[in-house]
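Trainee: Could you walk me through the aromatic rings here?
Mentor: Gladly, let's look together.

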Amino acid sequence: MKSRHFIHALCVSGLLSLSTSQAIANDLPELTVYTYSSFTSSWGPGPVLKEAFEAVCDCKLTYVSSDDGVSLLNRLRLEGDRTRADVVMGLDDMLMPQTKQLGLVQQHHLDLTNVPLKPALNWNDSHFVPFDYGFFTFIYDRNRIEQPATSMAELLASNASVIYQDPRTSTPGQGLMHWIQLIYQNDAVNAWRQLSGNTVTVTKGWSEAYAMFLQGEADYVLSYTTSPAYHQLVEENDQYAAATFSEGHLAQIEVAAVSAFSQQPDLAREFLTFLLEVDTQSIIAQNNWMLPVRSDVELPDAFNSAERSALSLSPDAAEENRREWLRVWRSAAGR
Amino acid sequence: MPQAAKLNSQRYSQGLTLVSKQWLGLLSLGFIVTLSLLAFVSLAGWSGESAATYLWKDPWFWQVIRFSLWQAGLSALLSVLLALPISRALALDPKLPARRAFLRWCLLCFVMPSLILITGLVALLGRSGVLTPWLSDGWRLYGLNGILLAHIFLNLPFAIRVLTLQWQSIPSAAWKLSAQLGFSGWQRFYLVEWPVLRGVLPAVIGFIFLLCFNSFAVVLALGGGPAASTLEVAIFQSLKYDFNPSEALFLAWTQLLLAGSIYVMLSRFGRFQWLAPAQSGQSDWIPQQSLSMTLLGRIGYVMAWLYLTLPIMVLLPLAKQANWQLLLNTGLLSILSRSLFLAVSASLLSLVFALSILSVWAALRHSRWHMWVSSIALYPLVVPTMVLSVGLYILMMPYLDWYRWGWVAIVLMNAVVVLPFVFKQLHPRVASYQQQYGRLQADLNQDRFTCWRHIYLPYLKPVLLQVMAMSFVLALGDMSIFAIFGNDDWRTLPWLIYTLAGSYRLAEAALVSLLLLVFAYLGLRWLERSA
């Protein structure tokens with residue numbers, strides 16, 4: 001008899017947890033923002049932005065998070081017109097063509113002429129607005145590496161150990177794939193083979209890779225040029241530095257858009273405008289550890305060294321070649 | 001009425017009674033068949049894409065197949081080889097301490113949610129693991145090493161249980177005879193012990209091979225990159241990472257073909273017993289062992305204890321450092337109750353499936369029909385879980401909000417996946433019931449409900465509780481079904497552990513692993529007590 005009560009209790013508690021997760025607090029309109037999980041985590045910019053936006057919008061902001069940008073897109077395409085998303089935030093510029101083709105987002109109709117976006121971004125997309133950007137690079141520990149590699153070629157030829165992310169799951173990993181394709185083009189297979197000799201492991205996401213690096217498991221980790229700023233500002237630690245490669249660096253622009261199936265398109269547009277405000281840009285830069293897209297944001301000096309000379313890759317070319325490039329990576333890195 | 005027509009109408013009315021009395025079982029059968037047909041149809045038809053046959057020419061594809069087979073083969077062989085001396089010692093060395101406890105621990109290890117073990121292995125042998133400083137510089141847990149360590153941990157205990165039972169089944173008369181004839185140790189092994197083992201070894205190796213071939217969580221967590229990927233993980237990745245259904249379809253067919261043919265071969269090897277309650281050795285006559293054999297057995301026994309307990313023990317000190325507040329903030333309590341709710345529902349549902357299908361089975365007369373019914377209940381063994389889940393997911397997407405209803409699919413799919421096991425365990429009991437009470441029951445002419453409640457279920461009760469507990473533990477540890485239907489805001493315990501370990505919160509991962517282990521243990525205690 002005891003066991004029957006046990007099961008009964010379990011069922012009740014299970015049902016309770018099912019129903020509470022779907023409860024909606026009150027009658028305010030709800031804006032659902034799909035994004036990636038490090039954005040919404042307690043140390044990311046999500047919670048602060050939620051508070052700031054709710055203070056002005058007279059609405060309730062709810063985040064729904066996926067592991068990272070790539071799984072965010074996959075989720076959107078699986079959900080199709082049944083999605084609850086009003087705003088999609090955290091895809092990057094390389095994923096824009098695909099997202100538009102699939103009809104998952106709508107035009108924003110915002111006038112960005114009054115927003116002093118950095119000229120280098122050269123932004124004129126009809127659907128997406130940028131909210132931050134960063135350059136991919138390899139981070140190293142100054143105490144361990146006295147003479148850091150000054151080019152990709154030098155890194156590949158060295159016997160330094162490297163951790164990077166899976167290009168299928170994580171946007172930095174995909175960034176490295178594009179970067180290597182840009183530098184080596186038809187010779188990318190050999191570059192990957194060379195890199196696989198230096199690779200400690202390929203992780204699913206950025207945080208696993210970075211945590212392993214911080215524990216001293218590799219000489220270099222793939223990350224952003226802004227990563228040292230985090231150590232300098234939050235930990236007051238000058239130990240970590242970002243490599244500068246003579247071939248140039250690839251930028252990643254993170255973007256947001258209104259979902260094509262949003263029930264609250266006006267509120268969603270309001271959120272996009274909010275993302276581009278000076279204060280918001282400053283919060284994002286210092287919590288998401290990326291560079292602001294506006295040119296008039298005051299940031300600590302630690303951010304100054306994060307700019308690099310940019311290689312350019314058109315999102316359409318990346319889109320066209322993605323599957324082929326993934327295959328190249330998969331067979332070369334899989335030995 | 002002419003004879004033929006009379007016969008026909010009789011058959012017809014028999015058919016009607018079958019449908020009216022066995023509707024639940026027929027519904028279960030239909031459900032399972034439809035589910036799998038639709039899963040494949042939906043995979044094939046997704047956006048009109050056909051299977052990505054270009055993969056034939058992709059070296060990566062062959063690499064994945066090679067690796068899947070290679071790691072499964074190694075895991076199976078090593079598990080069985082290591083199990084041999086240990087089982088022999090368990091069966092023939094009466095001085096071994098704590099044998100009962102060991103065999104019970106083995107049972108827990110075999111069904112242990114693999115995420116618990118993975119956390120333990122990372123804490124023990126990962127880059128900053130407790131034992132890592134004593135290993136050579138080039139040691140890497142991620143890749144084949146980690147996969148083998150985990151697979152052997154999960155399957156060695158199973159092999160030990162089967163082989164121990166096998167050794168114990170040698171009658172003492174045979175031992176006595178071999179002693180009277182003055183056999184040497186080797187002769188005795190060859191003439192007395194080997195014939196008993198030979199019957200089960202291929203089946204045990206094959207079974208472990210199949211389990212490792214279809215392994216998901218271990219390879220996902222410990223694979224460490226594209227170099228060490230199995231088909232099951234590749235299917236998951238091509239869908240959830242690449243969103244490439246045509247490639248997933250091709251990989252799924254490949255896995256189905258390979259796993260299916262392995263299963264067919266395996267089913268020819270015969271059967272074995274492993275769930276029987278562990279005996280504490282024969283009370284009867286046991287032959288004298290040579291000193292070296294005894295020593296080998298004892299060393300193996302001690303090593304097995306260490307191997308099977310260290311990855312769990314290491315969690316205890318680690319869990320003490322866990323940040324409770326962080327866990328409570330991530331909603332540990334609701335994740336826990338959700339996990340328990342899903343696992344209990346799945347195991348209850350699989351019991352309903354199995355009982356209703358067995359009831360159809362019993363009502364049918366022809367052995368050909370019996371075979372069909374059994375093969376429907378058993379076929380989820382052959383079809384990779386991943387294939388079914390993915391097909392169902394895509395199929396129902398236009399009509400269902402998976403975000404809201406994913407949990408229903410998790411319960412359903414877990415029930416379907418454990419069904420073969422439940423069916424196999426219940427089948428002999430139901431068959432013997434039919435033999436002993438079938439006629440009696442017909443004579444008593446009670447209504448079905450009374451009969452089920454007062455005779456049938458009480459008769460099945462010991463086995464029912466046993467399989468219920470086992471399927472509960474299996475569903476509790478599920479990773480692969482959740483990987484498809486779950487989402488980040490709605491995690492279960494294993495997925496929480498995976499996320500925590502992924503972000504290097506090993507202490508918290510250890511604590512949650514222990515929690516999961518406690519519940520798995522409680523489930524199994526129930527099993528052993530009632531068996």
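Mentor: First, a definition: rings of Phe, Tyr and Trp (its six-membered ring) pair if their centres lie within 6.5 Å; planes under 30 degrees apart count as stacked, over 60 as edge-to-face and the rest as tilted. This is a predicted model, in which local features need pLDDT of at least 70 and side-chain atom pairs count only at pLDDT 80 or more, while totals for chains, interfaces and linings use all residues. Residues are numbered from 1 along each chain, chains are lettered from A in the order written, and side-chain values use heavy atoms, without hydrogens and water.

Trainee: How many aromatic pairs does a search of the whole structure find over all chains?
Mentor: The search applies the centre cut-off within 6.5 Å. Over all chains, the number of aromatic pairs is 39.

Trainee: Which class fits the pair of A:Phe53 and A:Phe271?
Mentor: Their centres are 5.0 Å apart and their planes meet at 85°. Since planes over 60 degrees apart fall in that class, the pair is edge-to-face.

Trainee: Is A:Phe271 buried or exposed?
Mentor: Buried means under 20% relative accessible area, exposed over 50%, partly exposed in between (1.4 Å probe, protein chains only). The relative accessible area of A:Phe271 is 0%, so A:Phe271 is buried.

Trainee: Which residue has its ring face under A:Arg330?
Mentor: A charge sits over a ring if NZ of Lys or CZ of Arg is within 6 Å of the ring centre and within 35 degrees of the ring normal. A:Arg330 lies at 3.4 Å from the ring centre of B:Trp60.
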